[in-house]
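Colleague: Could you walk me through this model, one feature at a time? I'd like to know how to read each one.

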Amino acid sequence: MKILIVEDEIMIAEAVAHILKKNNYSVDIAADGESGLDFALSGIYDIIILDIMLPKKDGFSVLHSLRDAKIPVPVIMLTAKNQTQDKIKGLDSGADDYLEKPFEMDELLARLRALSRRKGEFAYNGILQYGDITLNPHQLLLTSKDKETKLTPKEAQALELLIANKYITVSKDIMIEKLWGYESNAEDNHVEIHISLLRKKLKQINSTLTIKAIRGLGYILNYPGEV
(Lines give C-alpha, C1' and ligand atoms only; values in the text may rest on other atoms or scores of the structure.)
Protein backbone atom coordinates (compact mmCIF):
# COMPACT_ATOMS: atom_id res chain seq x y z
CA MET A 1 0.00 0.00 0.00
CA LYS A 2 1.32 3.43 -0.98
CA ILE A 3 0.70 6.40 1.32
CA LEU A 4 1.26 10.12 0.79
CA ILE A 5 1.94 12.30 3.84
CA VAL A 6 1.31 16.02 3.27
CA GLU A 7 2.81 17.71 6.32
CA ASP A 8 5.03 20.79 6.61
CA GLU A 9 6.52 19.81 10.00
CA ILE A 10 9.27 17.70 8.49
CA MET A 11 10.38 16.02 11.72
CA ILE A 12 6.81 14.80 12.31
CA ALA A 13 6.40 13.68 8.70
CA GLU A 14 9.69 11.78 8.69
CA ALA A 15 8.97 10.14 12.05
CA VAL A 16 5.55 8.96 10.83
CA ALA A 17 7.03 7.80 7.51
CA HIS A 18 9.73 5.84 9.33
CA ILE A 19 7.19 3.88 11.38
CA LEU A 20 4.91 3.32 8.38
CA LYS A 21 7.86 1.94 6.39
CA LYS A 22 8.71 -0.40 9.28
CA ASN A 23 5.14 -1.69 8.89
CA ASN A 24 5.88 -2.26 5.18
CA TYR A 25 3.93 0.67 3.78
CA SER A 26 5.44 2.60 0.89
CA VAL A 27 5.55 6.31 1.75
CA ASP A 28 6.12 9.66 0.03
CA ILE A 29 6.25 13.04 1.78
CA ALA A 30 5.16 16.46 0.50
CA ALA A 31 6.02 19.51 2.64
CA ASP A 32 3.44 21.97 1.26
CA GLY A 33 -0.05 21.97 -0.20
CA GLU A 34 0.93 22.67 -3.80
CA SER A 35 3.43 19.83 -4.08
CA GLY A 36 1.07 17.59 -2.08
CA LEU A 37 -1.68 18.21 -4.62
CA ASP A 38 0.69 17.56 -7.52
CA PHE A 39 1.69 14.22 -5.97
CA ALA A 40 -1.90 13.29 -5.14
CA LEU A 41 -3.21 14.05 -8.64
CA SER A 42 -0.92 11.32 -9.98
CA GLY A 43 -3.50 8.84 -8.69
CA ILE A 44 -0.87 6.38 -7.45
CA TYR A 45 -1.67 6.63 -3.72
CA ASP A 46 -3.95 4.33 -1.74
CA ILE A 47 -4.40 6.70 1.23
CA ILE A 48 -3.39 10.33 1.88
CA ILE A 49 -2.58 11.74 5.32
CA LEU A 50 -3.28 15.46 4.94
CA ASP A 51 -2.54 18.25 7.42
CA ILE A 52 -4.85 21.28 7.42
CA MET A 53 -2.31 24.01 8.13
CA LEU A 54 0.07 23.96 5.15
CA PRO A 55 2.12 26.57 3.26
CA LYS A 56 1.15 27.56 -0.32
CA LYS A 57 -2.19 25.73 -0.23
CA ASP A 58 -4.09 24.62 2.89
CA GLY A 59 -5.41 21.12 3.39
CA PHE A 60 -9.03 22.05 2.68
CA SER A 61 -8.04 23.52 -0.71
CA VAL A 62 -6.01 20.41 -1.53
CA LEU A 63 -8.95 18.19 -0.63
CA HIS A 64 -11.42 20.27 -2.70
CA SER A 65 -9.09 20.08 -5.70
CA LEU A 66 -8.74 16.31 -5.33
CA ARG A 67 -12.48 15.74 -5.19
CA ASP A 68 -13.10 18.17 -8.07
CA ALA A 69 -10.62 16.08 -10.10
CA LYS A 70 -12.63 12.94 -9.20
CA ILE A 71 -9.70 11.41 -7.30
CA PRO A 72 -11.46 9.02 -4.87
CA VAL A 73 -8.42 8.21 -2.71
CA PRO A 74 -9.28 8.01 1.02
CA VAL A 75 -7.99 10.99 3.02
CA ILE A 76 -7.19 11.22 6.73
CA MET A 77 -7.08 14.88 7.79
CA LEU A 78 -4.83 15.97 10.65
CA THR A 79 -6.56 18.53 12.86
CA ALA A 80 -5.57 20.54 15.90
CA LYS A 81 -6.87 19.15 19.18
CA ASN A 82 -10.50 20.05 19.95
CA GLN A 83 -11.01 21.95 16.68
CA THR A 84 -14.50 20.58 16.04
CA GLN A 85 -15.25 22.96 13.16
CA ASP A 86 -12.13 21.78 11.30
CA LYS A 87 -13.29 18.19 11.65
CA ILE A 88 -16.77 19.01 10.39
CA LYS A 89 -15.42 21.09 7.50
CA GLY A 90 -12.97 18.35 6.54
CA LEU A 91 -15.60 15.60 6.53
CA ASP A 92 -18.04 17.81 4.61
CA SER A 93 -15.29 18.54 2.06
CA GLY A 94 -14.76 14.85 1.33
CA ALA A 95 -12.32 13.60 3.98
CA ASP A 96 -12.84 10.02 5.08
CA ASP A 97 -11.46 10.33 8.59
CA TYR A 98 -9.62 12.73 10.88
CA LEU A 99 -6.96 12.46 13.54
CA GLU A 100 -6.14 14.98 16.25
CA LYS A 101 -2.54 16.15 16.65
CA PRO A 102 -0.60 14.97 18.55
CA PHE A 103 -1.64 11.37 17.89
CA GLU A 104 -0.46 7.88 18.77
CA MET A 105 1.01 5.84 15.92
CA ASP A 106 -1.00 2.79 16.95
CA GLU A 107 -4.17 4.79 16.38
CA LEU A 108 -2.99 5.96 12.95
CA LEU A 109 -2.12 2.38 11.96
CA ALA A 110 -5.56 1.21 13.10
CA ARG A 111 -7.26 3.94 11.05
CA LEU A 112 -5.21 3.00 7.99
CA ARG A 113 -6.34 -0.61 8.38
CA ALA A 114 -9.95 0.51 8.77
CA LEU A 115 -9.82 2.62 5.60
CA SER A 116 -8.23 -0.28 3.75
CA ARG A 117 -11.08 -2.59 4.78
CA ARG A 118 -13.59 0.06 3.70
CA LYS A 119 -12.03 0.05 0.25
CA GLY A 120 -12.76 -3.67 0.11
CA GLU A 121 -9.16 -4.68 -0.55
CA PHE A 122 -8.35 -6.31 2.75
CA ALA A 123 -9.55 -9.00 5.08
CA TYR A 124 -9.27 -8.67 8.84
CA ASN A 125 -6.30 -6.75 10.22
CA GLY A 126 -4.81 -5.84 6.85
CA ILE A 127 -4.45 -9.40 5.51
CA LEU A 128 -5.29 -9.95 1.83
CA GLN A 129 -6.87 -13.11 0.48
CA TYR A 130 -7.36 -14.09 -3.13
CA GLY A 131 -7.74 -17.47 -4.75
CA ASP A 132 -5.74 -20.00 -2.75
CA ILE A 133 -3.28 -17.51 -1.22
CA THR A 134 -3.16 -15.28 1.83
CA LEU A 135 -0.80 -12.31 1.95
CA ASN A 136 0.18 -10.60 5.17
CA PRO A 137 1.91 -7.46 3.80
CA HIS A 138 3.06 -6.33 7.24
CA GLN A 139 4.80 -9.60 8.10
CA LEU A 140 5.84 -10.15 4.44
CA LEU A 141 4.32 -13.62 4.63
CA LEU A 142 2.68 -15.46 1.71
CA THR A 143 0.76 -18.68 2.42
CA SER A 144 -1.22 -21.25 0.47
CA LYS A 145 -2.88 -24.12 2.28
CA ASP A 146 -0.18 -25.43 4.65
CA LYS A 147 2.84 -23.87 2.94
CA GLU A 148 4.35 -20.43 3.44
CA THR A 149 7.24 -18.28 2.27
CA LYS A 150 8.71 -14.91 3.11
CA LEU A 151 8.60 -12.09 0.58
CA THR A 152 10.78 -9.03 0.18
CA PRO A 153 9.01 -5.68 0.73
CA LYS A 154 8.93 -5.00 -3.04
CA GLU A 155 7.55 -8.47 -3.79
CA ALA A 156 4.81 -7.98 -1.19
CA GLN A 157 3.95 -4.53 -2.58
CA ALA A 158 3.80 -5.89 -6.13
CA LEU A 159 1.50 -8.75 -5.15
CA GLU A 160 -0.64 -6.40 -3.05
CA LEU A 161 -1.04 -4.14 -6.08
CA LEU A 162 -2.02 -7.06 -8.34
CA ILE A 163 -4.57 -8.35 -5.81
CA ALA A 164 -6.10 -4.90 -5.39
CA ASN A 165 -6.47 -4.74 -9.21
CA LYS A 166 -7.18 -8.43 -9.76
CA TYR A 167 -9.49 -7.92 -12.75
CA ILE A 168 -7.34 -5.24 -14.36
CA THR A 169 -4.03 -5.35 -16.23
CA VAL A 170 -1.48 -3.36 -14.22
CA SER A 171 1.09 -1.59 -16.39
CA LYS A 172 4.80 -1.56 -15.65
CA ASP A 173 4.66 2.25 -15.35
CA ILE A 174 2.05 2.02 -12.59
CA MET A 175 4.09 -0.64 -10.82
CA ILE A 176 7.19 1.55 -10.94
CA GLU A 177 5.29 4.54 -9.54
CA LYS A 178 3.64 2.48 -6.80
CA LEU A 179 6.69 0.47 -5.75
CA TRP A 180 9.58 2.88 -6.28
CA GLY A 181 7.98 6.33 -6.19
CA TYR A 182 6.73 9.09 -8.42
CA GLU A 183 10.21 10.43 -9.26
CA SER A 184 12.04 7.09 -9.32
CA ASN A 185 14.69 6.11 -11.85
CA ALA A 186 13.53 2.47 -11.77
CA GLU A 187 13.03 0.85 -15.19
CA ASP A 188 10.94 -1.95 -16.68
CA ASN A 189 13.55 -4.60 -15.87
CA HIS A 190 13.16 -3.85 -12.15
CA VAL A 191 9.49 -4.85 -12.45
CA GLU A 192 10.30 -7.93 -14.55
CA ILE A 193 12.79 -9.19 -11.96
CA HIS A 194 10.33 -8.88 -9.06
CA ILE A 195 7.51 -10.49 -11.04
CA SER A 196 9.83 -13.40 -11.90
CA LEU A 197 10.72 -13.85 -8.23
CA LEU A 198 7.04 -13.69 -7.24
CA ARG A 199 6.15 -16.39 -9.77
CA LYS A 200 8.84 -18.67 -8.28
CA LYS A 201 7.51 -18.12 -4.76
CA LEU A 202 3.92 -18.85 -5.84
CA LYS A 203 5.15 -22.16 -7.28
CA GLN A 204 7.17 -22.79 -4.11
CA ILE A 205 3.99 -22.81 -2.01
CA ASN A 206 2.08 -24.83 -4.64
CA SER A 207 -0.37 -22.05 -5.42
CA THR A 208 -2.38 -22.36 -8.63
CA LEU A 209 -2.44 -18.57 -8.89
CA THR A 210 -0.30 -17.24 -11.73
CA ILE A 211 0.85 -13.82 -12.91
CA LYS A 212 0.08 -13.47 -16.61
CA ALA A 213 1.99 -11.04 -18.81
CA ILE A 214 -0.17 -9.17 -21.32
CA ARG A 215 2.22 -8.14 -24.08
CA GLY A 216 2.62 -4.37 -24.29
CA LEU A 217 0.18 -3.76 -21.43
CA GLY A 218 1.43 -5.23 -18.16
CA TYR A 219 0.47 -7.98 -15.71
CA ILE A 220 -2.74 -9.51 -14.37
CA LEU A 221 -3.46 -12.27 -11.87
CA ASN A 222 -4.95 -15.50 -13.15
CA TYR A 223 -6.73 -17.89 -10.81
CA PRO A 224 -8.06 -21.01 -12.55
CA GLY A 225 -10.63 -21.65 -9.83
CA GLU A 226 -12.41 -18.39 -10.64
CA VAL A 227 -14.91 -18.24 -13.48
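Modeller: Happy to. Helices and strands here are DSSP runs, numbered from the N terminus, with at least four residues for a helix and at least two for a strand. Keep in mind that this is a predicted model.

Colleague: Then let's try that on a loop. Where is Asn 206 found?

Modeller: Asn 206 sits in the loop between helix 8 (188-204) and strand 10. Its phi is near 60°, which is a positive value in a residue other than glycine.

Colleague: And how do I read its accessibility: buried, exposed or partly exposed?

Modeller: Under 20% relative accessible area is buried, over 50% is exposed, and partly exposed is in between. Asn 206 has 46%, so it goes down as partly exposed.

Colleague: Which other residue outside the glycines has a positive phi?

Modeller: Lys 145 is one, with phi near 55°. This lysine is in the loop between strand 8 (141-144) and strand 9 (147-150). Its relative accessibility is 67%, so Lys 145 counts as exposed.

Colleague: What about peptide bonds? Which one is cis, with omega near -5°?

Modeller: That would be the bond from Lys 101 to Pro 102. To place it, look at the loop between strand 5 and helix 5, where Pro 102 lies.

Colleague: Let's zoom out. How many helices and strands does the chain come to?

Modeller: Eight helices and eleven strands. To judge the overall packing, set the radius of gyration beside the globule rule: the chain has 18 Å, close to the 17 Å that the rule gives for 227 residues, so it is as compact as a globular protein of that length. Along the principal axes, the C-alpha trace spans about 55 × 35 × 35 Å, and buried residues make up 47% of the chain.

Colleague: Now the strands. Why is strand 4 described as largely enclosed by the rest of the structure?

Modeller: Count its buried residues. Strand 4 covers residues 75-80, and five of the six are buried, so the rest of the structure largely encloses it. Next, check its neighbours. Strand 3 (residues 47-51) runs parallel to strand 4, and four bridges join the two; in that pairing Ile 48 stands opposite Val 75. To get from strand 3 to strand 4, the chain passes through helix 3 (residues 59-68), making a right-handed β-α-β crossover.

Colleague: Which way do strand 4 and strand 5 run, parallel or antiparallel?

Modeller: Parallel, with five bridges joining strand 4 to strand 5 (residues 97-101). Here Met 77 in strand 4 is the one to find, standing opposite Tyr 98.

Colleague: What does the pairing look like for strand 10 and strand 11?

Modeller: Strand 10 (residues 210-214) and strand 11 run antiparallel, joined by five bridges. Lys 212 faces Ile 220 across that pair. Three residues lie between the two strands of this hairpin, and Gly 216 takes a positive phi near 80°. As for burial, strand 11 covers residues 218-222 and has four of its five residues buried, so the rest of the structure largely encloses it.

Colleague: Last topic: empty space. What is the volume of the largest pocket?

Modeller: About 280 Å³. Then ask who lines it: of the 20 lining residues, Asp 46, Leu 161, Ala 164, Asn 165 and Lys 178 are the closest to the centre. Helix 6 (153-164) and helix 7 (172-180) each supply at least two lining residues, and helix 6 gives the most, with four. Sorted by class, the lining has eight nonpolar, six polar and six charged residues.

Colleague: And how many cavities of 30 Å³ or more are there?

Modeller: A cavity, unlike an open pocket, is a space where the probe fits but cannot get out. The count comes to two of 30 Å³ or more. The second largest holds about 30 Å³ of space. It is lined by Ile 5, Glu 7, Ile 12, Val 16, Ile 49, Leu 78 and Phe 103.

Colleague: How does the lining of the second largest cavity split by class?

Modeller: Six nonpolar, no polar and one charged.

Methods:
Residues are numbered from 1 along each chain as its sequence is written. This is a predicted model: local features need pLDDT of at least 70, side-chain atom pairs count only at pLDDT 80 or more; totals for chains, interfaces and linings use all residues. Side-chain values use heavy atoms; hydrogens and water are left out. Buried means under 20% relative accessible area, exposed over 50%, partly exposed in between (1.4 Å probe, protein chains only). Two strands pair if DSSP finds at least two bridges between them. A crossover is right-handed if, with the strands pointing away from the viewer, the path from the first strand over the helix to the second runs clockwise. On a 1 Å grid over the protein atoms alone, a cavity is a set of points where a 1.4 Å probe fits but cannot get out, and a pocket is an open set with protein on both sides within 12 Å along at least five of seven lines; lining residues have an atom within 4 Å of a point. Grid points are joined across faces, edges and corners, and a volume is the space filled by probe spheres set on the points. Ala, Val, Leu, Ile, Met, Phe, Trp, Tyr, Cys and Pro count as nonpolar, Asp, Glu, Lys and Arg as charged, and the others, Gly among them, as polar. The radius of gyration is taken over C-alpha atoms; the globule rule is 2.2 Å times the number of residues to the power 0.38.
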